[in-house]
Amino acid sequence: MEIGIIGLGKMGYGMACNMKDHGYTVFGFDTDPQSTVRANEYGIKSCHEIEGFINFFTDRKILFLFIPSGAIIDDMIETLRKYLHKGDIIVDAGNSHYKDSIRRYEALKAQGISFLDCGTSGGPSGARNGACTMIGGDKEIYERLKKLFDDVSVENGSLYTGARGSGHFVKMVHNAIEYGMMQSIAEGYELMHKANFDLDLQKISDLWNNGSVIRSWLIELAGSALSKNPDMSGIKGVVNASGECKWAVETALDLQVPVPVFALSLMIRNRSLETDTFSAKLLSLLRNEFGGHDVICDS
């Protein structure tokens with residue numbers, strides 16, 4: 001089976017290597033020549049020109065997209081259209097909005113091109129060594145690629161979730177849960193950090209990952225980060241939001257489902273991007289106005 005990987009970044013390159021290790025014929029495309037050089041060195045025939053990439057194929061084209069969500073996906077699909085034929089398959093394995101995936105499915109189906117939306121979890125290490133995949137789209141098309149999905153995923157780590165859009169919907173909810181879990185962990189560690197005890201947070205992480213109710217990969221990662229930088233020195237508390245939690249909150253509002261943890265974790269990330277905000281200044285002045293509390297001024 002010939003597989004094309006479009007986007008040879010952290011996830012795409014890892015997945016390309018994963019597929020090659022499982023015996024698939026893998027071709028790569030990326031606009032960055034250095035990324036294609038790295039892939040070629042691993043034995044993945046790669047090109048930074050789309051026409052050259054397409055010419056690698058001798059059989060039906062099965063293309064996995066590992067590129068950022070949004071207009072860039074639509075632009076790539078539009079570029080690919082003139083090279084694709086009935087029976088070819090596009091798998092969007094990035095973090096696209098599920099409504100965009102439904103729209104793309106419908107547009108490609110009219111041309112006879114199949115489309116699967118695949119939520120991919122596990123980060124770069126998962127892409128390389130075994131991911132968690134959640135796939136939406138036509139069941140018949142999924143069945144054609146089931147062995148591939150099973151091969152590149154950890155044991156019991158791949159699931160057909162249902163109709164078009166469902167894979168990215170499930171991944172959206174997954175990422176929103178991830179936001180809430182990470183926020184809870186961060187708050188707990190800050191509380192321990194500021195407590196009047198001489199606590200070894202890295203050792204506590206190790207402890208919690210041995211039999212405790214909250215043992216998890218995230219706790220393991222917290223311990224790993226603390227072992228490298230116990231005081232978080234030199235790190236700014238700026239945390240970007242990649243979009244999935246925002247989509248989940250918007251969807252929850254549409255469905256009238258209360259998701260306060262999702263919403264608050266997103267707001268905290270947004271707040272982390274700003275320092276010395278207008279609202280904080282106004283809060284300080286309001287406290288001064290009604291209670292005479294001190295206002296800290298710039299030195």
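**View A. The largest cavity of this protein has a volume of about 40 Å³.**
Welcome to this predicted model, which we enter from the inside. How many cavities of 30 Å³ or more does the count give? The count comes to 1 cavity. Its lining is made up of Met15, Met19, Phe64, Phe66, Cys118, Thr120, Thr133, Leu148, Phe149 and Val152. Which elements each supply at least two residues of this lining? They are helix H1 (10–21), strand E6 (114–121) and helix H7 (139–152). The largest share, 3 residues, comes from H7.

**View B. The whole protein chain, for orientation, has 13 helices and 8 strands.**
Let us step back before the next close-ups. Along the principal axes, the C-alpha atoms fill a box of roughly 75 × 40 × 40 Å. Of the 299 residues in the chain, 42% are buried. Take the contacts between residues at least 6 apart in sequence: 62% of them join residues at least 24 apart. The chain exposes about 16,900 Å², and carbon and sulfur atoms supply 56% of that area. There are 30 positive and 38 negative charges, and the mean positions of these two sets are 4 Å apart.

**View C. Ile54 is placed in helix H3, which covers residues 50–55.**
Is Ile54 buried or exposed? Its relative accessibility is 7%, so Ile54 counts as buried, given that the buried class takes in values under 20%. Leaving aside residues up to four places away in sequence, Ile54 touches Lys61, Leu80 and Tyr83. For a sense of scale, look also at Phe27, which is 27 residues from Ile54 along the chain. The C-alpha atoms of Ile54 and Phe27 are separated by 8.9 Å.

**View D. Met181 belongs to helix H8, which spans residues 166–194.**
Met181 counts as partly exposed because its relative accessibility is 40%, and this class lies between 20% and 50%. Now find Leu218, which is 37 residues away from Met181 along the chain. What separation do the C-alpha atoms of Met181 and Leu218 have? The answer is 8.3 Å.

**View E. Ile214 sits in the loop that joins helix H9 (201–208) to helix H10 (217–228).**
With a relative accessibility of 44%, Ile214 counts as partly exposed. Which residues does Ile214 touch, once those up to four places away in sequence are not counted? They are Trp208 and Ile219. A further residue to look for is Ile185, which lies 29 residues from Ile214 along the chain. Between the C-alpha atoms of Ile214 and Ile185 there are 9.6 Å.

**View F. Met232 has a positive phi of about 55° although it is not a glycine.**
Where along the chain should you look for Met232? Follow the loop that runs between H10 and helix H11 (244–255), and you will meet Met232 there. Met232 counts as partly exposed, because its relative accessibility is 40%.

**View G. Gln256 is a non-glycine residue with a positive phi of about 55°.**
Gln256 is found in the loop between H11 and helix H12 (260–272). Why does Gln256 count as exposed? Its relative accessible area is 72%, and the exposed class begins over 50%.

**View H. Ser279 lies in helix H13, made up of residues 278–291.**
Ser279 is classed as partly exposed because it has a relative accessibility of 46%. Our last stop pairs Ser279 with Ala71, and these two are 208 residues apart along the chain. How far apart are the C-alpha atoms of Ser279 and Ala71? They are separated by 33 Å.

Technical notes
Residues are numbered from 1 along each chain as its sequence is written. This is a predicted model: local features need pLDDT of at least 70, side-chain atom pairs count only at pLDDT 80 or more; totals for chains, interfaces and linings use all residues. Side-chain values use heavy atoms; hydrogens and water are left out. Helices (H or I, at least four residues) and strands (E, at least two) are DSSP runs, numbered from the N terminus. Buried means under 20% relative accessible area, exposed over 50%, partly exposed in between (1.4 Å probe, protein chains only). Contact means heavy atoms within 4.5 Å. Accessible areas come from the Shrake-Rupley method with a 1.4 Å probe; for residues, only the protein chains shown count as cover. Lys and Arg count as positive and Asp and Glu as negative; His and the chain ends are not counted. The place of a charge is taken as NZ of Lys, CZ of Arg, CG of Asp or CD of Glu. On a 1 Å grid over the protein atoms alone, a cavity is a set of points where a 1.4 Å probe fits but cannot get out, and a pocket is an open set with protein on both sides within 12 Å along at least five of seven lines; lining residues have an atom within 4 Å of a point. Grid points are joined across faces, edges and corners, and a volume is the space filled by probe spheres set on the points.
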